[in-house]
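Trainee: I have a fold open on my screen and I'd like to learn how to read it. Could you walk me through it?

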Amino acid sequence: MPTRETPQQSTHQPTRPRRRALIVGSGISGLAAALTLHRAGWEPVIVERAPARRTGGYFVRFSGPGYSAAQRLGLLDALPSRLAPEGRGFEIDTSGKLTRGISFPAESGGTPLRILLRSDLERALYEEVFELVEIRYGVGPAAITQNRHEATVTLTDGSVETADLVIGADGIHSTVRSLVFGPEDLYRKDFDHVVAACIIDGELPGVRDGDTLIASAPGRSAWINTYTDGHPPVAFLLYRTPWPAAECRRKPAEALREAFGNFGGEIVPAMLDALDHSESVIFDQVSQIQINRWSQGRVVLLGDSAWCMTLYSGQGSGMGIAGAEVLARTLGEHDTVSAALGAWEKELRPLTAKYQKGAHRMQHFFMPVNRFGYTARRGLIRAMSTPVGGKLAKAIMR
Ligand SMILES: Cc1cc2nc3c(=O)[nH]c(=O)nc-3n(C[C@H](O)[C@H](O)[C@H](O)COP(=O)(O)OP(=O)(O)OC[C@H]3O[C@@H](n4cnc5c(N)ncnc54)[C@H](O)[C@@H]3O)c2cc1C
C-alpha cells in the first residue's frame, strides 16, 4: 500500500502559478532536485518505489562541484565529517598481514574532501524538504506520455499525475529512462566488476575504531571504514568476473564467499559473516551510463540515471546535487523548458565526461584489475609516504 508524506503549508508566495515537477526517486539526486526546484518557486512532488525512506549508507568521499553546490545550498553544517583525525590506514596482504596504507587527502577536486556516509547526504537533504514537498512511497511510473504543454505519468498504483517537468532521478536502473529513452542495455557500459556494500553489524578482529583497512589482490579488494563516532563499520567488496550480470543474479553471500574464500587473513571472512546478517546489502555490477541526450521534451534524467560514473569517480553523489542546482538555475533563466534543458546539459556534460574518464583511471586504485595493476598500486602506496610521492598521489586522486 503506497504511503504519503504531505507537506506543511509553504510560506513561499509565488507571483505566477507554480510549475509542477514530478520527481521519480528520493535518492540524493531526487531530494536535491526537490530542494532546488522548491527554492526556485516550483511545486515538486516525489514518487519513490521503496516502501519507506532509504536510510542505509556506505562510505562516500564528498568533494568537487557537489561540495561547492552543498555549500551554496547551506547544507554543509548538516554534513558530519567522519574521518577520525587519529585514524590509521592499513593494507592487508593475502595472508592477513597489515602494512602501512593510504590516508585521505584534505582536498580533492578543488575543494575540501569530506568523508561521510550516503545516509548523511540523504538525511541533510531530506530534512530540508520533507515539510515542503510531498513524498509518495511505494509507487513509481508505469507509463509516461507528453505533449508540448505537459507530461502525464501513470503510476503503478493506477493514479495519474500531470507535470510541467518529469525528472528521472531513479538511479542506474532507471525506469524513466527505459520508458522514454529505451532499454537499459543501450546505455549501460559494464566494467567486468561486481560491488557489494553493507554496514557491518558485528566485531572485526584487530580493527580499531577510526581505521581504514584495504585487502587487495589482483581482481579482488575489500575495504573497511570504521568510525570513532559510534557508527558501525562500513564495508565494500569488489571483484572481477567475466559475467557480472549473471553474477548479480546469484545470492550475494554465496557469490562473495566463492570470490573471497581464503582471502585477507581473519578480517575478510569476518566481514563475510557480518554481511550474512546485514539488513541492506548492495550487490550490483559496476557500470556507467552513457546516453547522448539527457532529456526528451519534458522528461529529463538526473544523477546516476543520466550519467552514472561508478563509485571509482568519487563524484556520483556530488554531481547529483550539483546537477540539481544547475537544473533549477537554468529553468529560471530560460523561457522554455526545452531551452533550459539544453543549456543545463551543455553546462554539465564536460564535467560528467571528465569524471567518467577519471573513473577508468581510478578503478586500479580501488581494485587492482591484474597482477601489473597490483604491483603498481603497491608501489604507489609506498611512494605516498614520501613527500614527492604524496604530491603525485594527490594529483592522481584529484
Ligand atoms: C559502494 C559505493 C560507493 C560509492 N562511493 C561514492 C563516493 O565515494 N563518492 C560519491 O560521490 N559517490 C559514490 N558512490 C555513488 C553515489 O552513491 C551515487 O552516484 C549516488 O548515490 C546516486 O544517487 P541518485 O539519487 O542519482 O541514485 P540512487 O541513489 O540510485 O537513487 C535512486 C532512487 O530512485 C528510486 N527508484 C528506482 N527506481 C524507481 C522507480 N521505478 N520508481 C520510483 N523510484 C525509483 C530508488 O529506490 C532510489 O531511492 C558510491 C556508490 C556505491 C555503490
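**Reading the fold, piece by piece**

Mentor: Let's start with one residue: leaving out residues up to four places away in sequence, threonine 310 touches Phe191, Val286, Ser287, Gln288 and Ala359. Keep in mind that this is a predicted model.

Trainee: Where is threonine 310 placed? And is threonine 310 buried or exposed?

Mentor: Threonine 310 sits in the loop between α8 (304-307) and α9. Its relative accessible area is 9%, and buried means under 20%, so threonine 310 counts as buried.

Trainee: Okay, on to helices. How do I describe two that pack together?

Mentor: You give the angle between their axes and the distance between the axes. Here, take helix α9 (residues 316-333) and helix α10 (residues 337-366): they pack at an angle of about 155 degrees, and their axes are 8 Å apart. An angle over 145 counts as roughly antiparallel, so that is what α9 is to α10. The crossing of these two, α9 and α10, is right-handed.

Trainee: Which residues of α9 and α10 make the contact?

Mentor: From α9 you have Met319, Gly323, Val326, Leu327, Arg329, Thr330 and Leu331. On the α10 side, the list includes Val337, Ala340, Leu341, Trp344, Leu348, Leu351 and Tyr355. Sort the contact residues of α9 with α10 by character and you get twelve nonpolar, three polar and two charged.

Trainee: Is there another helix pair to compare?

Mentor: Sure, α2 and α9. Their axes come within 7 Å and cross at roughly 55 degrees. That makes α2 oblique to α9, and the crossing is left-handed. Pro65, Gly66, Ala69, Ala70 and Arg72 in α2 meet Gly318, Met319, Ile321, Ala322 and Glu325 in α9. By character, the contact of α2 with α9 divides into six nonpolar, two polar and two charged residues.

Trainee: Which residues of α2 are buried?

Mentor: In helix α2 (residues 65-72), the buried ones are Pro65, Gly66, Tyr67, Ala69 and Ala70. As for the spacing, an α-helix has 3.6 residues a turn, so residues three or four places apart point the same way. The cover over the buried residues of α2 includes β4 (59-62), β8 (111-112), β9 (114-117), α9 and α10. Just after α2, look for glycine 74, with a positive phi of about 75 degrees.

Trainee: Now sheets. What is the strand order in the seven-stranded one?

Mentor: Read across it: β6-β5-β16-β17-β18-β15-β19, an open sheet with mixed pairing. The edges are β6 (98-100) and β19 (282-289); each has a single partner strand, so one side of each lacks a neighbour in the sheet. On average, neighbouring strands of this sheet are turned by 25 degrees against each other, direction ignored. For one pairing, take strand β5 (residues 89-92) and strand β16 (residues 212-217), which run in the parallel sense over four bridges. There, phenylalanine 90 stands opposite leucine 213 in β16.

Trainee: What packs on that sheet?

Mentor: α10 does, touching β15, β17, β18 and β19, and its direction makes about 140 degrees with that of β19. Then there's helix α7 (residues 267-277), lying across β5, β15 (188-199), β16, β17 (220-225) and β18 (234-240), at about 105 degrees to β18.

Trainee: How is the three-stranded sheet paired?

Mentor: That open sheet goes β11-β12-β13, with antiparallel pairing. Its edge strands, β11 (141-146) and β13 (160-163), each pair on one side only. Strand β12 (residues 151-155) and β13 share four bridges, and threonine 152 has threonine 162 in β13 as its bridge partner.

Notes:
Residues are numbered from 1 along each chain as its sequence is written. This is a predicted model: local features need pLDDT of at least 70, side-chain atom pairs count only at pLDDT 80 or more; totals for chains, interfaces and linings use all residues. Side-chain values use heavy atoms; hydrogens and water are left out. Axes are lines fitted to C-alpha atoms, for helices over the stretch in contact, and angles run from 0 to 180 degrees between N-to-C directions. Angles under 35 degrees count as roughly parallel, over 145 as roughly antiparallel, 65 to 115 as roughly perpendicular and the rest as oblique. A crossing is left-handed if the near helix is turned anticlockwise from the far one by less than a right angle, and right-handed if clockwise. Contact means heavy atoms within 4.5 Å. Ala, Val, Leu, Ile, Met, Phe, Trp, Tyr, Cys and Pro count as nonpolar, Asp, Glu, Lys and Arg as charged, and the others, Gly among them, as polar. Two strands pair if DSSP finds at least two bridges between them. Buried means under 20% relative accessible area, exposed over 50%, partly exposed in between (1.4 Å probe, protein chains only).
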